[in-house]
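This report examines one protein chain, beginning with its overall form and ending with selected residues. Please keep the sequence and the structure in view while reading.

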Amino acid sequence: VRVVEPYGQVAVTRVADGSPVAKAYVKVYARLDDGSVVFFKDGFSDLRGRFDYASLSTADAQSAKRFAILVTSPEDGAAIREAEAPGR
C-alpha cells in the first residue's frame with residue numbers, strides 16, 4: 001500500500017509482482033481541526049488499484065487534518081497507513 005499524499009490517493013499493489021489489487025476494501029477515518037476523529041469514507045480500489053481517500057463533498061473534507069487508512073483484501077492481507085490531508 002503506497003499513499004500518494006499530494007493527490008489524496010492510495011495505490012494498492014501486490015508485493016510479488018507489483019500488479020494492482022482491484023476491489024481491495026478501504027476504510028478511512030479523519031482527524032478534524034478540532035481534534036475529533038470521525039469516520040470519513042469507505043469503498044473499494046478501482047481496476048488500477050487506486051482509491052481516492054481525501055475527496056468528499058461535505059464540510060468534513062475541508063476540516064480534515066490527518067487520515068488513518070485501513071486497506072484489506074482477503075487474498076492479499078491488510079495494511080494501515082496514516083497521511084496528512086492534501087494541500088497542507
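## Overall form

What percentage of the 88 residues in the chain is buried? Buried residues account for 33% of them. The model discussed here is a predicted one.

The chain contains one helix and seven strands. In sequence order, these elements give the pattern β-β-β-β-β-α-β-β. The radius of gyration is 13 Å, close to the 12 Å that the globule rule gives for 88 residues, so the chain is as compact as a globular protein of that length. The C-alpha trace spans about 40 × 20 × 20 Å along its principal axes. Among the contacts with a separation of 6 or more, 49% join residues that are 24 or more positions apart.

## Surface and charge

The chain exposes about 5400 Å². Carbon and sulfur atoms supply 53% of this exposed area.

How many positive and negative side chains does the chain have? There are 12 positive and 12 negative side chains. The centres of these two sets lie 2 Å apart.

## The nonpolar core

In soluble globular proteins, nonpolar side chains tend to be buried together. In this model, the largest nonpolar core has 18 residues. Val28, Tyr53, Phe67 and Ile69 are the members with the most contacts inside this core. The elements that contribute two or more residues to the core are β3, covering residues 25-32, and β6, covering residues 64-73.

Which residues does Phe67 contact, leaving aside its neighbours within four places in sequence? Two of them, Val28 and Tyr53, are in contact with Phe67 and are also listed among the core residues with the most contacts. The other partners of Phe67 are Tyr29, Ala30, Phe40, Ala54, Arg81, Glu82, Ala83, Glu84, Ala85 and Pro86.

## The loop between β2 and β3

Lys23 lies in the loop between β2, residues 9-11, and β3. Most residues other than glycine have a negative phi. Lys23, although it is not a glycine, has a positive phi of about 65°. Is Lys23 buried or exposed? Its relative accessible area is 66%, so Lys23 is exposed, the cut-off for this class being over 50%.

Ser19 is also found in the loop between β2 and β3. Its relative accessibility is 22%, and Ser19 therefore counts as partly exposed. Leaving aside neighbours within four places in sequence, Ser19 is in contact with Val12, Thr13 and Arg14. Ser19 and Gly49 are 30 residues apart in sequence, and their C-alpha atoms are 8.4 Å apart in space.

## Positions in and after β4

Val38 belongs to strand β4, which covers residues 37-44. With a relative accessibility of 23%, Val38 counts as partly exposed. Val38 and Ala22 are 16 residues apart in sequence, and the distance between their C-alpha atoms is 26 Å.

Where is Leu47 found? Leu47 is in the loop between β4 and β5, the latter being residues 50-52. Leu47 has a relative accessibility of 73% and therefore counts as exposed. When residues up to four places away in sequence are not counted, Leu47 touches Pro20 and Ala22. Leu47 and Thr13 are 34 residues apart along the chain, and their C-alpha atoms are separated by 11 Å.

Conventions: Residues are numbered from 1 along each chain as its sequence is written. This is a predicted model: local features need pLDDT of at least 70, side-chain atom pairs count only at pLDDT 80 or more; totals for chains, interfaces and linings use all residues. Side-chain values use heavy atoms; hydrogens and water are left out. A nonpolar core is a set of buried Ala, Val, Leu, Ile, Met, Phe, Trp, Tyr and Cys residues joined through side-chain atoms within 4.5 Å. Buried means under 20% relative accessible area, exposed over 50%, partly exposed in between (1.4 Å probe, protein chains only). Helices (H or I, at least four residues) and strands (E, at least two) are DSSP runs, numbered from the N terminus. Contact means heavy atoms within 4.5 Å. The radius of gyration is taken over C-alpha atoms; the globule rule is 2.2 Å times the number of residues to the power 0.38. Accessible areas come from the Shrake-Rupley method with a 1.4 Å probe; for residues, only the protein chains shown count as cover. Lys and Arg count as positive and Asp and Glu as negative; His and the chain ends are not counted. The place of a charge is taken as NZ of Lys, CZ of Arg, CG of Asp or CD of Glu.
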